[in-house]
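Dear colleague,

I am handing over the structure below, and my notes on it follow.

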Amino acid sequence: MIKQLIPIMGPFISSAISAAAVTIATLMVVSTEDVSVFRCVRAGLRKFVPILGVTALSGLVVMALFLPGLLLATSGNLNFIVPMMIVLGIPVAIYLSVRWVFLVQVVIAEESGILQAFNRSTILVRGVWWGIFGRSLLMGFVTLTIVMIFLGIMVIVSQLVQLER
């Protein structure tokens, strides 16, 4: 059972720790402190439980909104409920994802608890939701492009290696 969870939980846990470490490093730079990887990771690990709490809770809520509709749609069951689940669930999931974009930063910078972080992130996003959504979309496209280029290079290299054999 645990062996099956490692591929799923490993990236989730490492991304939570790295997000915390980057936030801590940013705070150190802003306050003109000396930044070290060790200090950032150590401070991130100290906040691991609340960070894991906000990322897990927000992830579960967002997945619960659109995953059932997508699973039903891929099963071939396209009755009236499936399109409604997709049409209503995905926009709400996107809305909440943007609304909660600062959860980790609030836990780290303001030392908030899990529930307070949701409220504070919502307050920080208020009035600038569309700007954050647009920037997040742009960053997603840039990241996807870089990953696709990297994967393309890897495929070409692997094909060249196969040709040489």
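How many nonpolar, polar and charged residues are there in the lining of the largest pocket? By class there are 9 nonpolar, 6 polar and no charged residues, where Ala, Val, Leu, Ile, Met, Phe, Trp, Tyr, Cys and Pro count as nonpolar, Asp, Glu, Lys and Arg as charged, and the others, Gly among them, as polar.

This is a predicted model, in which local features need pLDDT of at least 70 and side-chain atom pairs count only at pLDDT 80 or more, while totals for chains, interfaces and linings use all residues. Residues are numbered from 1 along each chain as its sequence is written, and side-chain values use heavy atoms, with hydrogens and water left out.

Helix H1 (2–30), helix H3 (48–74) and helix H5 (103–109) each supply at least two residues of that lining; helices are DSSP runs (H or I, at least four residues), numbered from the N terminus. A pocket is an open set of points on a 1 Å grid over the protein atoms alone, where a 1.4 Å probe fits, with protein on both sides within 12 Å along at least five of seven lines, and lining residues have an atom within 4 Å of a point.

In helix H6, the buried residues (under 20% relative accessible area, 1.4 Å probe, protein chains only) are Ala117, Phe118, Ser121, Thr122 and Val125. Seen down the axis of H6, they fall within an arc of 135° (taken from the directions from the helix axis to the C-beta atoms), so they line one face of the helix. H6 is followed by Gly127, whose phi is positive, near 90°.

Thr32, in the loop between H1 and helix H2 (37–46), has a positive phi of about 55° although it is not a glycine. At 69% relative accessibility, Thr32 counts as exposed, the cut-off being over 50%.

Best regards
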